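User: I'd love a close look at one part of this structure, the nonpolar core, and how the elements around it fit together. Could you walk me through it, please?

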Amino acid sequence: MVAPGATQGIPLRISLVDLLFSWPPNGGADVDLYNLATGLVRAGHDVQVVVVNDGDSWERGAIQSGHFTFSLLGVSGTGHHFNRKRLPGRIREAVDTWNPEVVFLGDGFLMKPYVGLALTDYPLVVRYYAYEMACLRDILHFKDGAPCPNHYLKTPGVCRACALEHLGPEIKSGRPHAWTQEYLAAQAYGPAFRTVAESFLSQVTGAIVYNETMKSHLVHHCKSVHVVPGGVDSQHFTFEPPVPKTPKDAKRILMTGRASDPMKGLDVLLEAGERLYGQRRDFKIHVTVPEETALPPFALAIGWQSHTSLVNYYHQSDVCVVPSRWEEPFGLVALEAMATGRPVCASRVGGLQDIVVHKETGFLFDAGDAAELAKQLELLLDNPNLRQRMGIAAHRRVYGEYRWPHIVEHHYLPVLEAAIAEHREGRRP
Amino acid sequence: MTEQRICAFYSTGPHYVRMLRALRENYPDAVIVTAIPTAFPFEVIAELADETVRLPEGAQRRGIRTALHVLKQLRRARCSHVVVMFDSPRLNLLSSMSGIPHRRCYTVDGRFYRLTRRPPQLLWDAARERVRGQWDYLRAWWGTRRL
């Protein structure tokens with residue numbers, strides 16, 4: 001934890017820059033930035049969010065709702081504007097109009113170093129939501145069913161070849177996704193990108209990550225790296241007691257998030273379901289995968305759910321499962337489920353093991369261990385009292401440690417204030 | 001949109017249910033015909049759909065046979081409007097060849113707009129896109145070989 005700086009108690013002017021923000025959200029990082037901005041405003045600070053608009057893409061800057069409590073400014077990132085020379089300058093201009101005391105650089109991929117270097121006149125805090133700087137291919141740092149042993153900053157040649165091999169077909173199609181657009185725009189395939197990335201990391205005032213593994217990736221490159229958990233909007237994800245069920249009613253097991261991604265471990269949950277289905281038929285697994293996905297009879301594809309409709313799904317569920325196979329940086333869905341008072345069975349990886357307290361707020365199992373998950377689900381399905389007890393404990397844990405006002409006050413503000421103080425210190429002759 | 005039989009064409013993406021809700025809200029008197037794959041669980045959209053066209057297995061894949069099959073199904077539905085989820089060349093082409101007079105796109109950020117591109121322009125755009133993709137790939141390939 002960083003000691004509070006000299007600006008504590010005085011409203012700050014803060015710019016949050018995000019290269020991928022969309023609303024309604026496309027993922028956890030969008031939710032995180034929205035809640036951070038809202039939390040900072042509620043804490044009395046002036047907040048401007050600068051986002052990149054790309055009219056052609058649903059993955060970048062697609063913003064539907066205008067009901068934001070913070071000031072939102074869009075910078076054009078369509079076509080020829082989206083490159084390493086133009087975009088950073090346009091973002092810098094947008095930030096300059098606000099004249100902030102500190103800049104927070106949120107989600108983005110390989111354009112982040114270029115954008116960050118254009119903003120280093122300001123105290124700059126960068127948030128890493130996944131393993132962006134460890135992997136050029138994607139943010140996951142996950143290969144052939146296991147965490148990748150390579151690291152871009154250490155083995156750039158291997159990673160450059162791997163990235164092109166993986167992204168090649170998508171690039172050739174002429175319709176690259178938002179992340180691949182950043183790979184091309186940043187020219188991350190070339191040898192010069194590593195120097196840019198290292199220069200950027202050495203110049204940021206502070207970096208924020210979700211867990212200790214992520215910290216270890218950056219600690220040799222950045223001046224200061226802080227582990228800050230994500231939060232949950234407790235006014236949105238409200239506690240609701242489970243719907244009373246008779247022994248004949250089907251209990252609902254819920255898996256949310258980007259479940260169609262193989263590293264999220266849906267196969268593990270389905271294997272556990274298969275084991276249970278051999279013995280009992282009193283459950284149904286609901287999964288947020290595209291509706292056309294073929295699933296076994298005990299599972300139902302409920303499609304992509306909005307931030308609003310998701311709450312109802314949590315309320316109607318009995319148990320939530322997060323069976324990730326990769327080193328999940330944080331695991332926001334576990335937190336959301338816990339906030340609504342549902343016990344969570346999660347794999348023992350990354351940030352999930354910090355969130356779920358084994359045998360207290362749910363259960364942890366080794367990643368990929370379907371047999372263990374089946375046992376845990378069986379125990380929970382058989383014991384409504386256990387589900388209730390764990391659900392209440394889960395809600396209490398979230399309410400005590402992961403509410404956004406708490407996260408903003410105890411984690412983000414000290415880091416932002418320290419960045420301002422350090423920047424001032426560095427400028428003193 | 002004034003009438004009345006609206007085909008809501010499914011593609012893999014985050015906003016199909018949102019699109020159906022928007023159609024129901026904006027055009028309460030219209031008949032909403034959902035065009036969904038065979039494996040799509042109807043119960044998820046039951047309250048939003050009036051009729052359903054089941055698209056063949058693998059309708060999301062490319063290929064002339066699949067496209068012809070999908071077109072046949074769409075023509076049979078006799079809709080006055082078709083709404084797709086993305087303004088891609090493929091969906092543009094499919095919708096314009098469906099014979100459905102009014103074509104719209106519903107975007108992730110909740111906007112309806114008219115699709116205006118015709119097949120020759122679509123083919124030109126697709127070819128241009130592919131050439132740009134090959135060029136980008138060549139540059140990246142060359143870049144990875146530099147030390």
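Analyst: Happy to. In this predicted model, the largest nonpolar core has 170 residues, and those that touch the most other members are Val115(A), Ala334(A), Val344(A), Cys7(B), Ala8(B) and Val83(B). Among the elements, helix α14 of chain A, residues 404-427, gives the most to this core, with ten residues.

Let's start with one of those well-connected residues in chain A. Leaving aside residues up to four places away in sequence, Val115(A) touches Val17(A), Leu19(A), Leu87(A), Pro88(A), Ile91(A), Leu105(A) and Gly108(A). For the setting of this residue, look at the chain as a whole. Chain A has 14 helices and 15 strands. Its radius of gyration is 22 Å, close to the 22 Å from the globule rule for 429 residues, so chain A is as compact as a globular protein of that length. Measured out along the principal axes, its C-alpha trace spans about 70 × 50 × 40 Å. Of the 429 residues in chain A, 52% are buried. Taking the contacts in chain A between residues at least 6 apart in sequence, 64% join residues at least 24 apart.

Now over to chain B, where Cys7(B) is another of the core residues that touch the most other members. Strand β1 of chain B covers residues 5-9 and pairs in the parallel sense with strand β2 of chain B, residues 31-37, over five bridges. Within this pairing, Cys7(B) stands opposite Val33(B) in β2(B). Helix α2 of chain B, residues 64-77, packs on the sheet and touches β1, β2 and β3 of chain B, while its direction makes about 165° with that of β3(B).

The sheet itself is open, with six strands of chain B in the order β3-β2-β1-β4-β5-β6 and mixed pairing. At its edges are β3 (51-55) and β6 (112-114) of chain B, each of which pairs on one side only. From one strand to the next, the twist averages 25°. Chain B holds four helices and six strands, and from the N terminus on its elements run β-α-β-β-α-β-α-β-β-α. Along the principal axes, the C-alpha atoms of chain B fill a box of roughly 60 × 30 × 30 Å. Buried residues account for 32% of the 147 residues in this chain.

Since the core residues listed above come from both chains, the contact between the chains is a good next stop. There, 30 residues of chain A are in contact with 27 residues of chain B. On the chain A side, α4 (156-173) and β12 (299-301) each supply at least two residues, and α4(A) gives the largest share, seven residues. By class, this side of chain A has 15 nonpolar, ten polar and five charged residues.

One last helix ties in here. Seven of the eight residues of helix α5 of chain A, residues 178-185, are buried, so this helix is largely enclosed by the rest of the structure. The buried ones are Ala178(A), Thr180(A), Gln181(A), Glu182(A), Tyr183(A), Leu184(A) and Ala185(A). They pack against α4 of chain A together with α4 (119-145) of chain B. After α5(A) comes Gln187(A), whose phi is positive, near 50°.

Notes: Residues are numbered from 1 along each chain as its sequence is written. Chains are lettered from A and ligands numbered from 1 in the order in which they are written. This is a predicted model: local features need pLDDT of at least 70, side-chain atom pairs count only at pLDDT 80 or more; totals for chains, interfaces and linings use all residues. Two residues are in contact if their C-beta atoms, placed from the backbone, lie within 7 Å. Ala, Val, Leu, Ile, Met, Phe, Trp, Tyr, Cys and Pro count as nonpolar, Asp, Glu, Lys and Arg as charged, and the others, Gly among them, as polar. The radius of gyration is taken over C-alpha atoms; the globule rule is 2.2 Å times the number of residues to the power 0.38. A residue is buried if 20 or more other C-beta atoms lie within 10 Å of its own, exposed if 12 or fewer, and partly exposed in between; C-beta atoms are placed from the backbone. A nonpolar core is a set of buried Ala, Val, Leu, Ile, Met, Phe, Trp, Tyr and Cys residues joined through C-beta atoms within 7 Å. Two strands pair if DSSP finds at least two bridges between them. Axes are lines fitted to C-alpha atoms, for helices over the stretch in contact, and angles run from 0 to 180 degrees between N-to-C directions.
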